[in-house]
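Colleague: I am new to this one and would like to understand the words you use for it. Could you show it to me and explain your reasoning as we go?

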Amino acid sequence: MSVDRSYIRVKAMLIASSVDGDHHLVSVNAPTEENPLGYHRLIGGSVELGETHREAIVREVDEELGARILDLTHLRMVENIFSFNGELGHEIVALYSGTLDPAPGPEGGTLTESDGSQSPVVWRPFDDADIDIPLYPSGAREWIHSSRG
């Protein structure tokens, strides 16, 4: 699926905590020029015209995971400027926290992309210093680590 990166996109993404509170859910994405091991991305997606970012995260989680969000809390806005296979991308991301009902199991979970394809999801530890796979949006990682002490 090709994405038009010629404009700044508005996104809503979720830091979905595990039941034990030690992990958050991320999608597993294929390798790129910049990330030969692939990358992890928070759950969520684009805000549609006429939709609030709060409505967008609720819709995205329902579409991607068939779940609802408990204790949905808006945390902050983060700016994500990145390269994807050599192409510049720029996003403004409304970052939320919450828990999923139902939550994917510890292994083998998937989410449904807008084109109908399936992508794996994993529970990434909040303490991720030993993980070589980057997390996007990068501003979320900085917030996660500063807020957890």
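Modeller: Gladly, and let us begin with a term: a salt bridge is a side-chain nitrogen of Lys or Arg within 4 Å of a carboxyl oxygen of Asp or Glu. Please keep in mind that this is a predicted model.

Colleague: Thanks! Why is Arg5 said to have no salt bridge?

Modeller: The nearest side chain of opposite charge, Glu87, is 4.3 Å away from Arg5. A salt bridge needs a distance within 4 Å, so the pair does not count as one. Arg5 is nevertheless buried, and its place is in the segment before β1.

Colleague: What does Arg5 touch, leaving aside residues up to four places away in sequence?

Modeller: Arg5 touches Phe82, Phe84, Glu87, Leu88 and Gly89. Glu87 is thus one of the residues in contact with Arg5, although there is no salt bridge.

Colleague: How do you know whether the protein chain agrees with a compact globule?

Modeller: For 149 residues, such a globule would have a radius of gyration near 15 Å, and the protein chain has 14 Å, so the two agree. The C-alpha trace spans about 40 × 40 × 30 Å along its principal axes. Buried residues make up 41% of the chain.

Colleague: What pattern does the protein chain follow along the sequence?

Modeller: The pattern reads β-β-β-α-β-β-β-β-β-α, with two helices and eight strands. Among the contacts with a separation of 6 or more, 61% come from residues 24 or more positions apart.

Colleague: Let us look at helix α1. How do you know what span to expect for it?

Modeller: Helix α1 covers residues 53–65, which is 13 residues, and at 1.5 Å a residue the expected span is 18 Å. From first C-alpha to last, α1 reaches 18 Å, close to that expectation. Just after α1, Gly66 takes a positive phi of about 65°.

Colleague: Which residues of α1 are buried, and what do they pack against?

Modeller: They are Ala56, Ile57, Arg59, Glu60, Val61, Glu64 and Leu65. These buried residues pack against β1, β2, β3, β4, β5 and β6.

Colleague: Why is Asp71 called exposed?

Modeller: Exposed means over 50% relative accessible area, and Asp71 has 63%, so it counts as exposed. Asp71 is found in strand β4 and has a positive phi of about 55°, although it is not a glycine.

Colleague: And why is Asn85 called partly exposed?

Modeller: Its relative accessible area is 36%, which lies between the 20% and 50% cut-offs, so Asn85 is partly exposed. Asn85 sits in the loop between β4 and β5. Phi of Asn85 is near 50°, a positive value in a residue other than glycine.

Colleague: What does Arg68 touch, again leaving aside residues up to four places away in sequence?

Modeller: Arg68, in strand β4, touches Thr99, Leu100 and Asp101. The C-alpha atoms of Arg68 and Ala103 are separated by 9.1 Å, with the two residues 35 apart along the chain.

Colleague: What kind of peptide bond joins Asp101 and Pro102?

Modeller: That bond is cis, with omega about -5°. Pro102 lies in the loop between β5 and β6. The peptide bond from Tyr136 to Pro137 is cis too, with omega near 0°, and Pro137 is found in the loop between β8 and α2.

Key:
Residues numbered from 1 in each chain as written. Predicted model: local features only at pLDDT ≥ 70, side-chain atom pairs only at ≥ 80, totals over all residues. Heavy atoms only, no water. Helix = DSSP H or I, 4+ residues; strand = E, 2+ residues; numbered from the N terminus. Expected span 1.5 Å × (residues − 1). Buried < 20%, exposed > 50% of the residue type's maximum accessible area, 1.4 Å probe, protein only. Contact = heavy atoms within 4.5 Å. Lys, Arg positive; Asp, Glu negative; His and termini not counted. Rg over C-alpha atoms; globule rule 2.2 N^0.38 Å.
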